[in-house]
Amino acid sequence: MDIAIQYLSEVWEILLEAAPYVLFGFFVAGLLKGFLPDDFVARHLGSNKKGAVVKASLFGIPLPLCSCGVIPAAAGLRQQGASKGATTSFMISTPETGVDSIAITYALLDPIMTIVRPVAAFISALTAGTLVDMFPAKAVPGKTEFTPLNFAATTLKKEEECTSGNCSSKSAIATAKDKFLFGMQFAFGELIADIGKWLLIGILIAAVVSTFLPVTFFQEYVGDGLLSMILMVVIGVPMYVCATASTPIAAALALKGLSPGGALVFLLAGPATNAATITVVAQTLGKRVAFIYVGSIAVTSVILGLAVNWLYAKLGLSVFSWINDVEAHQHGIVGYASAIILLVLVGKQFIGRRGHQHGESCGCH
């Protein structure tokens, strides 16, 4: 009974700490959705222009899409003529971080990791995209591939739907007020429905780690060097966890002795890949791209993890101490109100969508 109470207390504490930042992240995501033109990314990446890999890596950072949700977006880019490298970069940087996950990183980890995480996402995406373009695969007869013709047909169909009055796209929205409301509806409706459930699952897993794993687990059994990072790669690559949900898990692992570099490896490898995404990449972009996709994430994340460990040591900082200090402070009315609002929003969306989501294979759009 005492363990159950301790576990529920851990769940509530993590939720109180994360909720204000999660809601703020959703708010910013809504602004991006409402005011950023639908074709903004496609206009810059929908070609084989020089620098497209760099742009793809940058554009993916603030977008709140998980590793499953990024697939249709990346497909659209590929259909518009983006190189395989640019498409790959976008598929990596987008799920590895976003405005929502950056906000929760500050809440549950520390300011250094808040900065390092998007920078590391950019580097890993840029590396993979560059390697894919450096080693192009030969076209395979009969291979399913994204084509501009298919994309054009899809676009024409959407335009016809808009003409017939069935279009709900923000392209038909004129005023700033309407754009704002459209973005907020997306952020606190569709996005909450897509990410909220996985965030709560991440919090539940983090509470399990906090409650049952010994405080010195990693120092005693794994260490804080290369072995712990390889372990995070092995756990993270096949696992489905979105960027927001991975953060409380990484924070809980850090409290049990996982190094900052090990935490970063999990934050990169976990959201960027899962078994379903790897399969889709292999089928649509080729096995060579899939190999580079997974291999570059694994190698780059470990190298960046080692660099982060060096940085923390050089600065004399400890992510463990920061997280402990964060947990020690009292939560105000904002924390309690945000936690309740977040739970209500997730619950509302979950109940509303439960009846017609039986056919989906993952909690993404």
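## Exercises on a predicted helical model

Setting aside neighbours within four places in sequence, Thr114 contacts Ile102, Thr105 and Tyr106. The model is predicted. The exercises below start from this residue.

**Exercise 1. Place Thr114: which helix holds Thr114, and is Thr114 buried or exposed?**

Step 1. Thr114 sits in helix α7.
Step 2. Its relative accessibility is 13%.
Step 3. Buried means under 20% relative accessible area, so Thr114 counts as buried.

**Exercise 2. Describe how α7 packs against α13: what angle do the helices make, and which residues meet?**

Step 1. Take the two elements: α7 covers residues 111-134 and α13 covers residues 260-272.
Step 2. Their axes lie 11 Å apart, at an angle of about 45 degrees.
Step 3. Angles under 35 degrees count as roughly parallel and 65 to 115 as roughly perpendicular. The pair α7 and α13 is therefore oblique.
Step 4. The crossing of α7 and α13 is right-handed.
Step 5. From α7 come Met113, Val116, Arg117, Ala120 and Ala121. They meet Pro260, Leu264, Leu267, Leu268 and Pro271 of α13.
Step 6. Sort the contact of α7 with α13 by class: nine nonpolar residues, no polar and one charged.

**Exercise 3. Follow Leu267: is Leu267 buried or exposed, and what does Leu267 touch?**

Step 1. Leu267 belongs to helix α13.
Step 2. Leu267 has a relative accessible area of 0% and is buried.
Step 3. Not counting residues up to four places away in sequence, Leu267 touches Glu96, Leu109, Met113, Arg117, Ser246, Thr247 and Ala250.
Step 4. For a distance, take Val241. Leu267 and Val241 are 26 residues apart in sequence and 9.3 Å apart in space, C-alpha to C-alpha.

**Exercise 4. Analyse α3 with α5: at what angle do the axes cross, and which residues make the contact?**

Step 1. Helix α3 spans residues 52-60, and helix α5 spans residues 84-96.
Step 2. The axes come within 7 Å and cross at roughly 20 degrees.
Step 3. Angles under 35 degrees count as roughly parallel. Helices α3 and α5 are therefore roughly parallel to each other.
Step 4. α3 passes α5 in a right-handed crossing.
Step 5. On the α3 side, the contact uses Ala52, Val53, Ala56, Ser57 and Gly60. On the α5 side, it uses Gly85, Ala86, Ser89, Phe90, Ser93 and Thr94.
Step 6. By class, the contact of α3 with α5 has five nonpolar residues, six polar and no charged.

**Exercise 5. Place Pro238: which loop holds Pro238, and what does Pro238 touch?**

Step 1. The loop runs between α11 (226-236) and α12 (243-255).
Step 2. Pro238 has a relative accessible area of 47% and is partly exposed.
Step 3. Leaving out residues up to four places away in sequence, Pro238 touches Val233, Asn274 and Ala275.
Step 4. Pro238 and Ala276 are 38 residues apart in sequence, with C-alpha atoms 8.4 Å apart in space.

**Exercise 6. Assess the whole chain: how many helices and strands are there, and where is pLDDT below 50?**

Step 1. The protein chain has 17 helices and zero strands.
Step 2. Of its 365 residues, 51% are buried.
Step 3. Among contacts between residues at least 6 apart in sequence, 88% join residues at least 24 apart.
Step 4. Mean pLDDT is 79, and 77% of residues reach 70 or more.
Step 5. Residues 140-144 have pLDDT below 50, with five contacts beyond near neighbours in sequence. Residues 146-168 also stay under 50, with 15 contacts beyond four places in sequence.
Step 6. Where pLDDT is low, the predicted coordinates should not be read in detail.

Conventions. Residues are numbered from 1 along each chain as its sequence is written. This is a predicted model: local features need pLDDT of at least 70, side-chain atom pairs count only at pLDDT 80 or more; totals for chains, interfaces and linings use all residues. Side-chain values use heavy atoms; hydrogens and water are left out. Axes are lines fitted to C-alpha atoms, for helices over the stretch in contact, and angles run from 0 to 180 degrees between N-to-C directions. Helices (H or I, at least four residues) and strands (E, at least two) are DSSP runs, numbered from the N terminus. Angles under 35 degrees count as roughly parallel, over 145 as roughly antiparallel, 65 to 115 as roughly perpendicular and the rest as oblique. A crossing is left-handed if the near helix is turned anticlockwise from the far one by less than a right angle, and right-handed if clockwise. Contact means heavy atoms within 4.5 Å. Ala, Val, Leu, Ile, Met, Phe, Trp, Tyr, Cys and Pro count as nonpolar, Asp, Glu, Lys and Arg as charged, and the others, Gly among them, as polar. pLDDT is the predictor's confidence in each residue, from 0 to 100. Buried means under 20% relative accessible area, exposed over 50%, partly exposed in between (1.4 Å probe, protein chains only).
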